[in-house]
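Student: Could you teach me how to read the helices and sheets of a protein model, one feature at a time?

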Amino acid sequence: METPTLTKPQTNGAAASAQARKPFRTAAVLGAGVMGSQIAAHLANAGLTVTLLDITPKTIGKEGKPNDLVEGAFKAATKMNPAPFFAPSVQKRVTLGNFDEDFETIADADWVIEVVVERMDVKRDVMARIEEHARPDAVISSNTSGLPIHEIAEGRSDDFKRRFLGTHFFNPPRYLKLFEVIPTPDTDPEVVARVSHFARVHLGKGVVIAKDTPNFIGNRIGIYGIMGAIEQFTNGAYSIEEIDQLTGSLVGHPRSATFRTADVVGLDTLRHVTENLHAGVPDDESRDRFLTPDILQRLNDLKQLGAKSKAGFYKKVGKDILSIDPETMEYTPAAESDLDIKAFKRAGNLPARFNALYEDEGRAGQFFRTTTLDLLSYSARRIPEIADSPADIDKAVEWGFGWEMGPFATWDALGFARVRDQMQDEGIALPDWVNDVPEDGLYREEGGERQVWIPEAGEYRSDPKPTDEWGLALIKQDDQKTLWQNDEAALLDLGDDVALFEFRSKANSLGQQVMEGLVTAIDKVENDRDLRGMVIGNEGGNFSVGANLGEVVMGMAMGDGPAAIAPFIEGFQQSILKVRYATKPVVVTTHQRVLGGGCEMTMACPHPVAAAETYIGLVELGVGLIPAGCGTMMMTAKAAEAAANTDRPSEIQPFLRQAFEAIAMANVATSATMAKEMRILPTEALIVMNAERRFHVAKQEVIRLSEQGYLPPPVRTHIPVLGPQGRAQFEIALFQFQEGGYVSEYDHYLASRLAWVMTGGDLTVPAEVHEDYLLELEREVFLSLLGEEKTQARIQSILTTNKPLRN
């Protein structure tokens with residue numbers, strides 16, 4: 001198939017035109033299957049008003065009400081795990097309807113997305129109806145994963161074609177970053193720019209402009225790699241378990257590796273994709289890789305489709321995970337293996353692990369070289385068919401399949417020249433352009449900017465990130481940008497008179513050096529007349545898993561039990577309060593897990609910036625403690641602030657109950673949106689859909705607050721507490737939960753101690769108290785619980801398993 005050379009639109013931050021930055025407010029999603037319903041959910045997550053339509057039962061010869069199919073699909077989406085919606089409240093933004101009665105409602109949509117069955121005739125019929133009803137300025141796209149985009153629009157007007165393109169979400173749309181945009185030769189570049197900008201900024205996507213070739217970029221390369229790994233099983237060289245050991249986190253891929261990933265995706269889906277690919281690429285010299293393996297076909301015939309049917313390549317029986325035996329088609333325990341990957345894990349970072357595997361003479365090295373060289377050569381042969389730039393292929397695979405490094409980045413990590421030479425020595429087919437790549441490899445840094453070799457041009461060209469997506473690596477390379485540091489934290493200069501406090505402890509836990517560093521950093525910012533304020537953030541896998549429990553245990557062991565760490569707990573509280581009451585703006589920016597003390601630091605911040613995928617909560621009761629870094633005090637205060645009338649305990653009680661239950665059950669908000677609803681984040685907190693933008697947005701927030709004239713919030717001097725009357729309601733509920741077997745006697749005890757703090761301790765009547773009063777109660781109960789044997793056992797269990805506490 002001949003494909004046009006496409007000029008990529010500017011989609012980054014300030015470079016995007018005003019038209020490109022125009023947001024979509026309404027959308028219609030046509031087709032409510034697994035993908036359609038989840039796309040509708042994620043558009044609703046972004047704040048759009050969404051219409052979700054599907055066919056009626058009558059269309060497929062079945063009985064039922066017109067909306068039965070769309071309602072059933074939507075209900076299934078609301079029960080998916082992981083959840084496609086940020087919070088149950090977001091579901092209200094989606095209106096359901098059907099093609100027979102409600103198609104004309106798409107006239108209200110800024111963006112119409114077709115997600116119907118993968119049949120060209122059906123899609124063309126839908127496009128004809130869309131042209132009849134859609135607004136003349138509406139953008140229309142297809143989410144097809146394999147059909148030619150330009151053929152879907154055949155028969156439509158020139159004006160329609162100008163507004164039409166492919167937009168390929170990866171499943172699940174909320175969680176997978178890749179968003180392939182596929183223009184046709186007729187697509188207006190402004191439409192491409194607008195969709196790309198919206199997807200990146202408002203849907204949190206990594207956008208790759210793809211050519212209109214079968215399965216575009218991500219699936220073409222990613223599925224080839226998966227099928228190559230499966231081939232090593234079907235030819236008897238390696239077991240399922242061995243391959244998953246060698247294709248998971250060891251090589252920077254998701255822990256689900258190859259076969260667990262296939263089970264999660266669905267073996268029917270995998271077969272469908274490979275069949276489409278094989279049929280769609282008749283000129284691909286390696287198309288037979290996409291033939292459905294016999295084992296995959298047999299599992300499909302048996303309806304053993306993976307996670308959805310509770311059996312696929314793997315099956316859980318009791319507590320045992322069994323795998324399929326291709327000879328008997330029975331599930332059996334893993335066979336003994338001579339593979340030992342511990343040495344490779346100890347090799348160091350990902351490039352070091354790659355090189356250790358590449359040079360290994362055993363079975364692990366043989367697998368790595370066979371599958372990796374095969375994938376690298378295939379990827380090279382696909383340029384310029386599916387993409388002009390190796391960077392686009394890397395991004396598509398990294399974002400679509402969760403790889404830390406795509407094929408060409410992997411090639412460079414192994415040494416471009418030596419890998420090329422080995423492939424040529426072994427007779428592995430390579431395109432001529434690989435001989436032109438300089439010794440620097442496919443990527444190089446030039447003047448602080450990443451450049452990538454473009455084969456068709458025969459030169460390096462810049463591959464810049466959007467100007468509002470940046471991290472801390474370049475800043476940390478310049479020693480002049482480090483304003484202060486200790487072993488576990490640093491204060492960095494972000495430019496524009498804004499600093500950033502970064503903690504670098506293991507798992508970003510909050511120990512003494514981090515918390516003392518926080519106080520030092522805020523003091524330095526407050527006393528530096530040139531600094532506007534400070535961001536708190538980091539680039540760890542999680543923002544913070546909470547306080548450093550290891551230090552707590554060590555402090556108790558070296559001193560006189562819990563009393564020995566009382567100064568640290570009080571200091572921790574004062575450090576958290578300093579975030580809130582700093583005289584210059586301090587903006588905490590969060591991502592991923594934000595637990596315990598990390599949650600308390602965020603709650604203290606008056607103006608946080610949270611990545612949408614922020615999972616935040618006070619989880620201390622799970623380890624036998626209560627939040628004592630101001631968390632219990634702040635949740636108590638926030639409950640009262642939510643009440644319409646703080647003079648009436650009965651109006652505070654429902655909100656206090658919600659706060660109490662959140663802490664007592666160690667609930668974690670599964671999105672920043674849910675965190676607002678749980679009153680962990682303030683309603684005015686900024687939510688950033690694309691986590692790569694969080695530092696930029698946080699920095700701009702510091703500047704905004706400074707420019708408007710910053711004043712910290714007032715000290716909470718009159719927090720209403722409900723006394724024994726309010727506490728009695730909690731005690732009744734706890735008694736009932738214990739009697740029903742829902743909580744243990746010790747959990748009942750822990751929750752009672754929490755309730756005692758949240759209702760004012762030994763006060764005999766409802767009253768208003770200073771925040772310091774509740775902070776003292778926090779410390780008292782926290783230290784007393786530390787002395788309990790059961791709490792100490794729980795802490796030791798957490799430390800032994802090295803797993804972060806969660807709900």
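Tutor: We shall go through helix packing, then the sheets, and end with a single residue. Please keep in mind throughout that this is a predicted model.

Student: How should I begin when two helices lie against each other, and what are the angle and the axis distance for H23 and H24?

Tutor: In general, two packed helices are described by the angle between their axes and by the distance between those axes. Here helix H23, residues 597-604, packs against helix H24, residues 631-642, at an angle of about 45°, and their axes are 10 Å apart. Because angles that are neither roughly parallel, roughly antiparallel nor roughly perpendicular count as oblique, H23 and H24 are oblique to each other. The crossing of these two helices, H23 and H24, is left-handed.

Student: Which residues of H23 and H24 meet?

Tutor: A general idea helps first: an α-helix has 3.6 residues a turn, so residues three or four places apart point the same way. From H23 the residues in the contact are Glu 600, Met 603 and Ala 604, and they meet Gly 631, Met 634, Met 635 and Lys 638 of H24. Sorted by class, the contact of H23 with H24 holds four nonpolar residues, one polar residue and two charged residues.

Student: Is H23 mostly covered or mostly open?

Tutor: H23 is mostly covered, since eight of its eight residues are buried. Among them are Gly 597, Cys 599 and Thr 602, and also Glu 600 and Met 603, the last two of which you have just met in the contact with H24.

Student: At what angle do H24 and H30 cross, and is the crossing left-handed or right-handed?

Tutor: The axes of H24 and helix H30, residues 771-786, come within 8 Å and cross at roughly 135°, and H24 and H30 are therefore oblique to each other. H24 passes H30 in a right-handed crossing. On the H24 side the contact is made by Gly 631, Thr 632, Met 633 and Thr 636, and on the H30 side by Glu 771, Leu 774, Leu 775 and Glu 778. These residues of the contact of H24 with H30 divide into three nonpolar, three polar and two charged. Notice that Gly 631 takes part in the contact with H23 and also in the contact with H30.

Student: Now for the sheets: in what order do the eight strands of the open sheet stand?

Tutor: To read a sheet, list its strands in the order in which they stand beside one another, and then look at the edges. The open sheet of eight strands has the order E3-E2-E1-E4-E5-E6-E7-E8, and its pairing is mixed. Strand E3 (94-98) and strand E8 (206-209) stand at the edges with a single partner strand each, so one side of each is left without a neighbour in the sheet. Neighbouring strands of this sheet are turned by 25° against each other on average, direction ignored.

Student: How does E7 pair with E6 and with E8?

Tutor: Strand E6 (residues 164-169) and strand E7 (residues 178-182) pair in the antiparallel sense over four bridges, and in E7 the bridge partner of Gly 166 is Ile 182. With E8, by contrast, E7 runs parallel, and four bridges join the two; in E8 the bridge partner of Leu 178 is Gly 206. Both faces of E7 are covered, with Leu 178, Glu 180 and Ile 182 buried on one side and Phe 179 and Val 181 buried on the other.

Student: What is the order of the strands in the open sheet of seven?

Tutor: The order is E15-E16-E17-E18-E19-E20-E21, again with mixed pairing. Strand E15 (482-485) and strand E21 (686-688) stand at the edges, each with a single partner strand, so one side of each lacks a neighbour in the sheet. The twist averages 35° from one strand to the next. Strand E20 (residues 609-617) runs parallel to E21 and is joined to it by three bridges, and Ala 611 stands opposite Val 688 in E21.

Student: Finally, is Phe 85 buried or exposed?

Tutor: Residues under 20% relative accessible area count as buried, and because Phe 85 has 5% relative accessibility, it counts as buried. Phe 85 lies in the loop between helix H2 (68-78) and E3. Leaving aside residues up to four places away in sequence, Phe 85 touches several others, including Ala 41, Phe 74, Val 90 and Arg 174.

Notes: Residues numbered from 1 in each chain as written. Predicted model: local features only at pLDDT ≥ 70, side-chain atom pairs only at ≥ 80, totals over all residues. Heavy atoms only, no water. Axes fitted to C-alpha atoms, helices over the stretch in contact; angles between N-to-C directions. Parallel < 35°, antiparallel > 145°, perpendicular 65-115°, else oblique. Left-handed = near helix turned anticlockwise from the far one by under 90°. Contact = heavy atoms within 4.5 Å. Nonpolar A, V, L, I, M, F, W, Y, C, P; charged D, E, K, R; others polar. Buried < 20%, exposed > 50% of the residue type's maximum accessible area, 1.4 Å probe, protein only. Pairing = 2+ DSSP bridges.
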